Each structure stands twice: as C-alpha cells, then as structure tokens.
Amino acid sequence: MPELPEVETVANGVHARVHGQTVVGVWTSNKPQTFKSPPEQIAETLTGARIERVYRVGKTIVVDLTRPDKTAAQFLIHLGMTGRLLVSPPETPVPPHTHAVLSLSGGRELRFVDARRFGRLSVLEPSGDDAYTGPGTEPLQIPLPEFVALFRGRKTPIKAALLNQSLLHGVGNIYADEALFRAGIRPRRQAARVTRAELARLREGLIAVLTHAIQLGGSSVSDYVDADGVRGFFQLEHRVYMRTGEPCLVCGTPIRKVVIGGRSSHFCPVCQR
Ligand SMILES: [Zn+2]
C-alpha cells in the first residue's frame, strides 16, 4: 500500500509531466467503487480545465485546476491499496483495471489504474479558501510544540496515535515503526507518558525517515509513472519493519513483533524503551 513518500513521489512525478497542460477529453470506467464523485461530474469538471499543479496532501494527490469562465476546481486521487497514475502515450496499450483516462493537450494521457479498487477519484469546486486540506496535520511541516500537543493526555499506545489519521495525516505502518525505532521508543508505550524529549526525537525520526524515502522515490519515479503499471514501489531499507527475529542493526538483539490496534508493530526490545 503506498504510504506518504510513495504518494509524494507519484504526485511530483505527475506534476513534472502534466502541469500547464489542458484536459481535452475524459474517459471513465463508471465502476461505482472508484468514483466518490459521479463519473459524469468528474468528466464535466475536468474537460477543458488546465492543470496548474499536482501535489500531495496527506495520502491524497491533489490536482489544482483552472477553468475558462468557471471557478477553479480540484481533482482528488486517493491511490488506495493498488492505485497507479501513469503518464502514457495514447498508443501504449491501456492496462487492465484502468478506471479513468485524461487526454492531455500535450498529446499524452494520464491514466488511473487500480486492480483492487480501493482507490478513489473525486472533484471539488472550492469557493474561496476551502481548498482541500485533508484531516489531521502534515507530519513534514508540524512544529515541535504542536507535535507534542497531539499526544498530550492520550491513553492509546504511541504507535496507534502515530497511525491516527485525524492527528497526523499520511503516516502508515512502515514509517511509524521505523520512526519509533530511530527515537528509541517502544510502540506499546502510552502516548501521554512519552516525554517531550522523546517526542522531539520521534518527530525528527519521522521527518528523517519520510524525507529519506521521498529522496529514494525521486530517483526511481520514472519506473512507476512512465511504466506499464505493474512495478512495485521502491523499498526503503527497513531497520525494524518486517524484520521479526532478525538481528537489530544497532545491538544485534532479535527484532520482536507485537500487534497493536490490529497492526503488526516491529521493535528492538533493547534499543527501544
Ligand atoms: Zn537494538
């Protein structure tokens, strides 16, 4: 499942390829799960619109649109589990499970492909300042005092709080485990009891691991924005995630796994307290 860095990589890759172009035609599969806005509304909103910017908010890809003689609009893409955005020449065969194709003035097509159909497409016509901001706070921009305040009085395990999308948006299982390892905090610790100094390390660890993954993604973006849609995402070299029983890279102790809130959590029992 794509997490924040993968979504940011895709958004940046698509932006570089399509911004400034106009949508000249829209095809949709009309599969009901995929369309959070009615497909006809999506087609009507997008046709004739100019793509100003493509960027990430949480785990949503946002496309800012301007339209002649109409208000500005936004096209929102949530990749779900298996969603892909591909920028392809029209002669490239359309992959199976393609749910939307935007024909662009530059001659190429922006295609949304999603085998498992957990991805979602919608359009917004924001009036004034109510452009899409998503739930929660952006983990890469949050100042330390606000970060500390998120966990104050929370009785849930710190791991569960990190995954709570109404607190921080876009942080998934892999990066939560990796950030907790870097900060030396056990995933089961009660969030309210994690000290300010530890939370400062956690924020730094989270930003470091997300930023590193975004940099890795940047070097391989062409593999999945320009390709046929079957390639997987880049893999960060994990220090704890899915390394149960393998030696900790710092102290050699076998990595342990516990389940917290239904999600597997991986940690080093010596390095994390
Ligand atoms: Zn260790």
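## An aromatic pair in helix α3

F147 and F151 lie 4 residues apart in helix α3 (residues 144-151), so about one helical turn separates them. Helices here are DSSP runs of H or I with at least four residues, strands are runs of E with at least two, and both are numbered from the N terminus. The model is a predicted one, in which local features need pLDDT of at least 70 and side-chain atom pairs count only at pLDDT 80 or more, while totals for chains, interfaces and linings use all residues. Residues are numbered from 1 along each chain as its sequence is written, and side-chain values use heavy atoms, with hydrogens and water left out.

When the whole structure is searched, 1 aromatic pair is found, and F147 and F151 form that pair in an edge-to-face arrangement, with 5.1 Å from centre to centre and 65° between the planes. Rings of Phe, Tyr and Trp (its six-membered ring) pair with centres within 6.5 Å, and planes under 30 degrees apart are stacked, over 60 edge-to-face, the rest tilted. F147 and F151 are both buried, where buried means under 20% relative accessible area, exposed over 50% and partly exposed in between (1.4 Å probe, protein chains only).

## The sheet built around β6 and β7

One open sheet consists of 4 strands in the order β1-β6-β7-β5, and its pairing is antiparallel; strands pair if DSSP finds at least two bridges between them. At the edges stand β1 (23-28) and β5 (84-88), each of which pairs on one side only. Strand β6 (residues 98-104) and strand β7 (residues 109-113) run antiparallel and are joined by 5 bridges. In this register S103 has E109 of β7 as its bridge partner, whereas T98 is partnered by V113 of β7. The hairpin of β6 and β7 has 4 residues between the strands, and in it G107 takes a positive phi near 105°.

On the other side, β5 and β7 are likewise antiparallel and joined by 5 bridges, with R84 standing opposite V113 in β7. Strand β7 is mostly covered, since 5 of its 5 residues are buried. The cover extends to both of its faces, as E109, R111 and V113 on one side and L110 and F112 on the other are all buried.

## The sheet of β2, β3, β4 and β8

A further open sheet of 4 strands has the order β2-β3-β4-β8, again with antiparallel pairing, and its edge strands are β2 (50-57) and β8 (120-124), each pairing on one side only. Between β4 and β8 the antiparallel pairing extends over 5 bridges, and one of the bridge partners in β8 is R120, which is matched with H78.

The charged end of R53 sits over the ring of Y55, at 3.8 Å from the ring centre; the criterion is that NZ of Lys or CZ of Arg be within 6 Å of the ring centre and within 35 degrees of the ring normal.

## The zinc site

Which residues supply the protein donors of the zinc ion? They are C248, C251, C268 and C271, each through its SG atom, lying 2.3 to 2.4 Å from the metal; donors are N, O and S atoms within 2.8 Å of the metal (3.2 Å for Na, K and Ca), and sites may look incomplete because water is not among the atoms. The 4 donor atoms subtend angles of 101 to 113° around the zinc ion, which makes the arrangement tetrahedral (all angles between 85 and 135 degrees for four donors).

Along the sequence the donor residues follow the spacing C-x2-C-x16-C-x2-C. C248 lies in the loop between α6 (196-225) and β9 (256-260) and C271 in the segment after β10 (263-267), so this pair ties together parts that are 23 residues apart in sequence. C248 is buried, with a relative accessible area of 5%, whereas C271 is partly exposed, at 24%.

## Loop residues

Two loop residues have a backbone feature worth noting. D69, in the loop between β3 (60-66) and β4 (73-78), has a phi near 60°, a positive value in a residue other than glycine, and D69 is exposed, with a relative accessible area of 84%. M242 lies in the loop between α6 and β9; its phi is also positive, near 60°, in a residue other than glycine, and at 58% relative accessibility M242 counts as exposed.

P135, in the loop between β8 and α3, is partly exposed, with a relative accessible area of 45%. The C-alpha atoms of P135 and G13 are separated by 24 Å, with the two residues 122 apart along the chain.

Terms used:
Tetrahedral: all angles 85-135°; square planar, octahedral: opposite > 155°, others 65-115°.
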